[in-house]
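Dear colleague,

I am handing over the structure below so that you can open it beside this message and follow along. Please read slowly and find each residue for yourself as it comes up.

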Amino acid sequence: MDRLRDLIGFLKDAADVAEERLEAVLEDHTSAKLDADRATSRSEDLLEHDPAELAESVAAVEAIIVEALAARASDVHFENEQNRVRVRIRVDGDLRVLPGHEVDKRQLDRIVRVLKVKSGMDISEHRRAQGGQFDTLVGGKKWFVRAQSQPTVRGENVILRLLPDGSALQSISSLGFSEFAEVRYRRLLANPGGLILVVGPTGSGKTTTLYSGLKELAVDESRKVISIEDPVEFGCEGIQQVEVMREANFSFADAMRAFVRQDPDVILLGEIRDSETALEAIRASQTGHLVLSTLHCNDAVDAVQRLLDLGMHANSISSELLAVFAQRLAKRICEDCREACEPNEAVAEEVFPDGVPEDFECFRGRGCESCDGTGYYGRIAVVEYLPVDPQLRNVIAQGSTLEDLRAAARASGIVSLRERSLELVKNGTIAFESLPRFIPIDRLVAPGANGNRD
């Protein structure tokens, strides 16, 4: 009942601001008409619609965002299909249809136009993907909405990423790190120089982990911290934040070259995407800056191989890389309906090919009102931590094979995804059967088990 009352309150908020939002949208277009020919075409395109229908679309957008936030959604997907339109939200990592919002193709066309206007996209452009962002106030809290349009053969889709205001940034202690990894992360942030990488696939929480570190660095007024992002996702007081501007030929690498001359102590580089950016990150760490960045790769050891593939010299990597945190997001078991259970047999055969240990325990969520019957509530970062010690540095410097790197990583005390996941299973935080969802199949088995060499 409390959640229902909250939802009703949220929907009332949406109704109250819908008219104001419509006026703002139309005002934006009126002023845009005065700017250039492109802006004129955008305004004419929007005003082709009936004002009442446009008002309805603005209200629908507001109501969907409010209801998605009430359901703890991280994303909203507006999807064109052959004979229907789907509105889905992502909650705890899983997509599900948002009930009560039936949208036809004509209505979706208006909604897409409204979202393009609100986020600063060109509504006359339908042939290429676009991105933008806007902010909204829901339940007395400010939220940033990052929008991405995507043309398909059945029409344009739009995905919204819902991000809390920077004041709601997570602390390091709330991420779900093991005590050991948390202590090491804080110690690394105090380092005078070097390179720290947070790696994983898209949507694995890399940015959240980096921002948790920025949140702590921001209170230290003895150090200057600059972030270079694409785009800036959270506002963070005490940090000088800069966005990449491709239209002005201002890339990650350009920003790195410019900002190392502004006497920073710490640089957050949003992502290492290419050789040029990787080289500037290495150079900055070599000249006494602490550089934090992300890479898209499967695990911590793969991050070393990825830097080698980008053309970085093995000696430079070995001398500057301090540590790698590889992470995934796993669904938390709902604490209100958690109960002990037997291990899933199919998963147990993969994880324990030599047999399930006698003292092994696992849990599940039975499903209750708190978790909408799913058995899960929220997510937690499952983190693999690779410290780069002298032994591993020597192996990296020799340009060793991936197999040799993995063996050296184990000798250096890597805390693997598998190891950390099983800790979280045993203490009732995540479900045993969920492990194959975020651990690669070749990492599920312990090294040496049933002939596994890795």
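**A helix and its buried face**

In helix α12, which covers residues 390-397, the residues Leu392, Val395 and Ile396 are buried. When you look down the axis of α12, these buried residues fall within an arc of 100°, so they line one face of the helix. What covers the buried residues of α12 includes α9 (300-309), α10 (314-320), β15 (376-387) and α13 (402-411). Just after α12 you will find glycine 399, which takes a positive phi of about 65°. Please keep in mind throughout that this is a predicted model.

**Aromatic rings**

The count of aromatic pairs comes to 9. In one of them, the rings of phenylalanine 177 and tyrosine 185 have their centres 5.8 Å apart and their planes at 35°, so this pair is tilted. Phenylalanine 177 has a relative accessibility of 7% and therefore counts as buried, and tyrosine 185, with a relative accessible area of 0%, is buried as well.

Phenylalanine 177 also forms an aromatic pair with phenylalanine 325, and this one is stacked, with 5.8 Å from centre to centre and 25° between the planes. Phenylalanine 177 lies in the loop between β6 (155-164) and α5 (179-189), while phenylalanine 325 lies in strand β12 (residues 321-333), so the pair ties together parts that are 148 residues apart in sequence. Both phenylalanine 177 and phenylalanine 325 are buried. If you wish to see the wider setting, Phe177, Phe180, Tyr185, Phe325 and Tyr385 form one aromatic cluster.

**Charges over rings**

Which ring does the charged end of arginine 72 sit over? It is the ring of tyrosine 377, and the charged end of arginine 72 is 3.8 Å from the centre of that ring. In a second case, the charged end of lysine 331 sits over the ring of tyrosine 376, at 4.1 Å from its centre.

**Salt bridges**

The count of salt bridges comes to 29. Arginine 72, which you have just met over a ring, takes part in one of them, since its side chain meets that of aspartate 92 with 3.0 Å from N to O. Arginine 72 lies in the loop between α3 (51-70) and β1 (75-80), and aspartate 92 lies in the loop between β2 (85-91) and β3 (94-97), so the pair ties together parts that are 20 residues apart in sequence. Arginine 72 is partly exposed, with a relative accessible area of 25%, whereas aspartate 92, at 10% relative accessibility, counts as buried.

Another salt bridge is found where the side chains of arginine 186 and glutamate 216 meet, at 2.9 Å from N to O. This pair links distant parts of the chain, with arginine 186 in helix α5 and glutamate 216 in helix α6 (residues 206-217), 30 residues apart. Arginine 186 counts as partly exposed at 31% relative accessibility, and glutamate 216 likewise counts as partly exposed, at 29%.

Glutamate 339 forms a salt bridge with arginine 366, where the closest N and O atoms are 3.3 Å apart. Here too the pair links distant parts of the chain, for glutamate 339 is in strand β13 (residues 338-341) and arginine 366 is in the loop between β14 (362-365) and β15, 27 residues apart. Glutamate 339 is partly exposed, with a relative accessible area of 23%. Elsewhere, Glu79, Glu81, Arg84, Arg86 and Arg88 are linked in a network of salt bridges.

**Two cysteines without a bond**

How many disulfides does the count come to? The count comes to 0, and the cysteines 337 and 368 are a useful pair for working through the reasoning. The sulfur of cysteine 337 is 3.7 Å from the closest cysteine sulfur, which belongs to cysteine 368, and this is too far for a bond, because a disulfide needs the two sulfur atoms to be within 2.5 Å. Seen from the other side, the closest cysteine sulfur to that of cysteine 368 is in cysteine 337. Cysteine 337 counts as buried at 1% relative accessibility, and cysteine 368, at 19%, also counts as buried, because the cut-off for buried is under 20% relative accessible area.

With kind regards

Notes: Residues numbered from 1 in each chain as written. Predicted model: local features only at pLDDT ≥ 70, side-chain atom pairs only at ≥ 80, totals over all residues. Heavy atoms only, no water. Buried < 20%, exposed > 50% of the residue type's maximum accessible area, 1.4 Å probe, protein only. Helix = DSSP H or I, 4+ residues; strand = E, 2+ residues; numbered from the N terminus. Arc of directions from axis to C-beta. Contact = heavy atoms within 4.5 Å. Phe/Tyr/Trp six-rings, centres within 6.5 Å; stacked < 30°, edge-to-face > 60°. Lys NZ or Arg CZ within 6 Å of the ring centre and 35° of its normal. Salt bridge = Lys/Arg side-chain N within 4 Å of Asp/Glu carboxyl O.
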